[in-house]
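Student: Please select one part of this model for a close look, and then place it in the context of the chain. I should like each criterion to be stated with its cut-offs.

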Amino acid sequence: MSGDRRTPDGPDEGRGPEDRTRTTSDGSGTDSGAARKRSGASGGAVSGASGGARPGGVGRLLRHSGLRRARAQAPLLLCLTLLTALLALVASAGPGVVDSLAGKALAGRLTEAQRAAPGLEFFTVFAPLGTKETPTGAMAGDLEATRNLITGSVPRQLAGKVVHDSTRIEIRGGYTPTPGGETGFTLVLPDDAPSAQTYAEGRPPAPVSTGRELEVAVSTRARDTLKLRLGQRLVMTPRPLFKQAGGPVRVVGFFTPKDTRLQREVPPLATPLRTSAPNAAPAWQTYAIIGVSGAERIQEEQGFDLMAVWRLRLNLDAADATPLATQQGLISLRQSFTAYTDNAATQFCGEPSFGSGGYECALGRHGSTRLLSVGPLLKAVDTFEKDWARVRVLIAFAPASLFCVGLAACAVASLLALRRRLPELRLRRARGASALRLACAAGAGTAPLVLAGCAAGVLLAHRYAPAGAPPPGIATPLYLAVAVWLLLPLLTWHALRDGALHAPIRTRSRRTRSAALRRLTLEGGLLLLTGTGVFLLRSRTPAAEPDLQLAVVPALLGVAAVIVLVRCYPAPVRAAARWSARRRGTVPMLALSRAAQDAPSRALALLVLVTTLGTAVFGGLVAQTLAEGRRDAVRWQTGADASYVVDTLDPGAVRSLSTAPGVRHHIVITQRSADLRDGRNGTTVGNVALQSLDAAALRRAAPHSAVARALTGVRPGPGKEIPVLAAPPLRQGGVYQAQVRGTDTRVKVVGPLPDDVARDDVLGPLHSTSDTPVVLADASAVQNLDPSTVTRSALLLYGTDIDAAALRTLVPRGGKSSNVGTLSILADEQAAIADDQVLAALTTAYRLCTVLTVLLALVALVLDLLLSAPERGRTAARLRTMGLGDRATGALNLVQLLPVVAAAALGGSALGLLLPGLLGDALDLRGFTGGPLDPVPRTDYAAFAVLGGGFLLLVAAAVAVETALARRRRLGTVLRLGEQT
């Protein structure tokens, strides 16, 4: 423009109206020549003040002008201060919040690990005294003393958090005939036995009994099932070759079953377990409670070595677990567990002594083994560490996007503040001030405000820091504050530098080409940097913890998306403008043409919208994918509505479990380990899992099963080969010599193993690793193989209303720590993962960051609308002078903003949906969910629709407000005489 020229004759000569006009806060223009005349007059007044001129006039004028400028700048500077405070608060408090979520997740995982049984068990085997003395109940004191020793050995870090749960001794008894059928008794001495108030008849066994018969108490359900009566005498007979207690017992009481931990962990204590077929003579297994003297009598009279078990529970709340959830804290927690067990064993054993029948330790007067410990806590800690490392990587993306949007909002605020002062700054620049000096002055003016905002954010982070979390940091807030503070000086220098003001006409085209070349170089460099970062991320192993590369690459992808959008979306907008030019009405053509022309200036708005939408879509996609992936993995691991996995499946267990209440169908799957040798070329494939099941029964139980469809028609032929379905490396149509636990047979591959079969839930319970080749056969084809060749079996149970409690009573210790197998109930497993605090922490972090990011994006969008409002106002004012109505003006503003919103919605959605695929193995979602394959991505469309609708409503509201203001605005405040259009 001609207004940008400056000739050697003087700073003001040749300057256009834009430079001669100084815009005030109320929108009016003041001619700079008149301003200089008034300035000179005022200067004369000042110089003549000592000579009697009216004092204070110029001072009042300057103070009034300064206050007016300060009032105009105050809202923007306050906004910049608040943005700095919010960014500092997030940067300072964010790590503490994440650590607090980690503590809550660790506490939840430890609680879940102890749901079936306490997390720590100490046990020792002790020998009889060998004196045949009358029972005195001294064993109770010995057990109590050892319990106090164990609880007193707790390390300082776990002091007050490890509590005693129970002490138990179990003795396997012999069988005895009862009116209800032959019954095997297991005698248990628990210190958490049912109290006397729960007895419906009789009393608990006496702690010290001098009678010749062993006193026992059973539940009222056992009484009714076995048809027992109070005072009844029974004789236990040990089975040959089994270490079982025998002798007479007398029933002294019947207690009412309650929902206590003891009866949940030992179901046959409440309800006898049937161990025979329904049509055969009844046989039962039940638990009975004995007293201390009864255990002493059995040990001394029958020479039994008994095992005493002390069970302890670790109770950690979120505040206690927070400092332990860090990497160093987890190491310290493991060390505490190890130190605890070693310290307890050392204090229990003392100096090794081998004088009591070869036992090196002592329980009271009994020789005993060393005190050993087991429990699921260490495994739970290891699992949590792996899962939380993956979650921290996922969480790291959210604050990185938040800071990117926050800095963009600060940049828009700085641009708006600069635009309001730009005429004044250009005037001062024309009068000799350097661009660097003006930039430093702008930085000096905002430095106290930015510093105050940073301090306020850090103080708030300290004030509301979560309990147990480390103190908030100050380094990252300072870095962000410096970045925010540098924005206004840099933008000021860029706007006032010599190249921006002094551009002769003959060099403008050359400078335009140079600027375009610089822009292309910058954009190409950013795209190259983004591509390099994505390549490096995809080529490395899954991240164990967040790092700078993981945080920066998604932000670079957002910048790359904006670069592509700015370059691409004006073309279809121009095409739409040309199409609309051939139609009636000028509003669409003018709005679309202006939107295409203003595309480069919309880069910041696009960056804000694309980053916000991309983060929201990515966060919703990851959270939804992990939640559904965990549920899919649980269904895969369970296989059906319930499953029972064991090495050797007893036919009696199959009959009892398949007839449990609510069970409609059942399937037995067997697995054999085989080595296959190709009969044609001699190639050997070892450790092949040969799985077999009844395909017809599976079709009845699960009609949509891919395994059932694949095995349809796969029947044994006239030959001796076993027809199987197999995937590579096994050859289709090949005949293999198979050795199954020493048994030779032949296997023929009659079809492939499709991908949907590999994902079928039916194969989940017996799935070991993805590297193990699986061949699938019908049960009728392997019926000639000896049952002893089966290495592992699974019983799948189908039914919509399976009674979980009844199933547990049919499987002794049917939880995860079962010694006889693993009973998994789908409803219980899904309820457990629904309460998983690790996944809840990820969801909470993303929701919190998404809300803050959306808030910052709304601020940035409002500021950007304010930044471009004068230009749109001038365009609308010119059109109003040509007869454009208010409704058409609103439509013009709306259509002008719609291409930006549409491009941002498209780019942000694509970025969020493609981000998991672009990052590749850097995001290990399968390692977090489990299951056979990577989880299927699932998008949270509801959250995306709400977010997109919110931005559309904001744009519509901004257009409505701007139209209303334009209706009240006088044209003279927008258009000026002589202004170039």
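Tutor: The account below begins with one helix and then turns to its setting.

The structure is a predicted model, in which local features require pLDDT of at least 70 and side-chain atom pairs count only at pLDDT 80 or more, while totals for chains, interfaces and linings use all residues. Residues are numbered from 1 along each chain as its sequence is written, and side-chain values use heavy atoms, with hydrogens and water left out.

The part chosen is helix α7, residues 292-302. Helices are DSSP runs of H or I with at least four residues, strands are E runs with at least two, and both are numbered from the N terminus. Of the 11 residues of α7, 9 are buried, and the helix is mostly covered. Buried denotes under 20% relative accessible area, exposed over 50%, and partly exposed the range in between, for a 1.4 Å probe and protein chains only. The buried residues are Val292, Ser293, Gly294, Ala295, Glu296, Arg297, Ile298, Gln299 and Glu300. After α7 comes Gly303, with a positive phi near 65 degrees.

Helix α7 packs against helix α4, residues 138-151, with the axes 8 Å apart and an angle of about 105 degrees. Each axis is a line fitted to C-alpha atoms, for helices over the stretch in contact, and angles between N-to-C directions run from 0 to 180 degrees. The two helices are therefore roughly perpendicular to each other; angles of 65 to 115 degrees fall in that class, those under 35 count as roughly parallel, those over 145 as roughly antiparallel, and the rest as oblique. From α4 the contact involves Ala138, Met139 and Ala140, and from α7 it involves Val292, Ala295, Glu296 and Gln299. A contact here means heavy atoms within 4.5 Å. An α-helix has 3.6 residues a turn, so residues three or four places apart point the same way. By class, the α4 and α7 contact comprises 5 nonpolar, 1 polar and 1 charged residues. Ala, Val, Leu, Ile, Met, Phe, Trp, Tyr, Cys and Pro are nonpolar, Asp, Glu, Lys and Arg are charged, and the others, Gly among them, are polar.

The setting of this helix pair is a protein chain with 28 helices and 24 strands. Of its 981 residues, 48% are buried. Among the chain's contacts with a separation of 6 or more, 79% are between residues 24 or more positions apart.

Another helix, α10 (residues 377-430), contains Ser401. Ser401 is buried at 9% relative accessibility. Leaving aside residues up to four places away in sequence, Ser401 touches Thr611 and Thr615. The C-alpha atoms of Ser401 and Pro554 are 7.7 Å apart, although 153 residues separate them along the chain.

Salt bridges add another set of links, and 26 are found in the whole structure. The criterion is a side-chain nitrogen of Lys or Arg within 4 Å of a carboxyl oxygen of Asp or Glu. Arg731 and Asp678 form one of these, at 2.9 Å from N to O. Arg731 lies in the loop between β19 (721-726) and β20 (735-740) and Asp678 in strand β17 (residues 665-678), so this pair ties together parts 53 residues apart in sequence. Arg731 is partly exposed at 23%, whereas Asp678 is buried at 3%. Shared partners also join the salt bridges of Arg109, Asp387 and Arg390 into one network. Glu213 and Arg250 form a further salt bridge, with their closest N and O atoms 2.5 Å apart.

Backbone geometry deserves a separate remark. Most residues other than glycine have a negative phi, and most peptide bonds are trans. Lys227, in the loop between α5 (220-226) and β8 (233-236), has a positive phi of about 60 degrees although it is not a glycine. Its relative accessible area is 51%, and Lys227 is therefore exposed. In the loop between β19 and β20 lies Pro729, which a cis peptide bond joins to Pro728, with omega about 15 degrees.

Confidence remains to be stated. The mean pLDDT of the chain is 79, and 81% of the residues reach 70 or more; pLDDT is the predictor's confidence in each residue, on a scale from 0 to 100. Residues 1-55 stay under 50, with 63 contacts beyond four places in sequence in the model. Residues 812-819 also stay under 50, with 16 such contacts.
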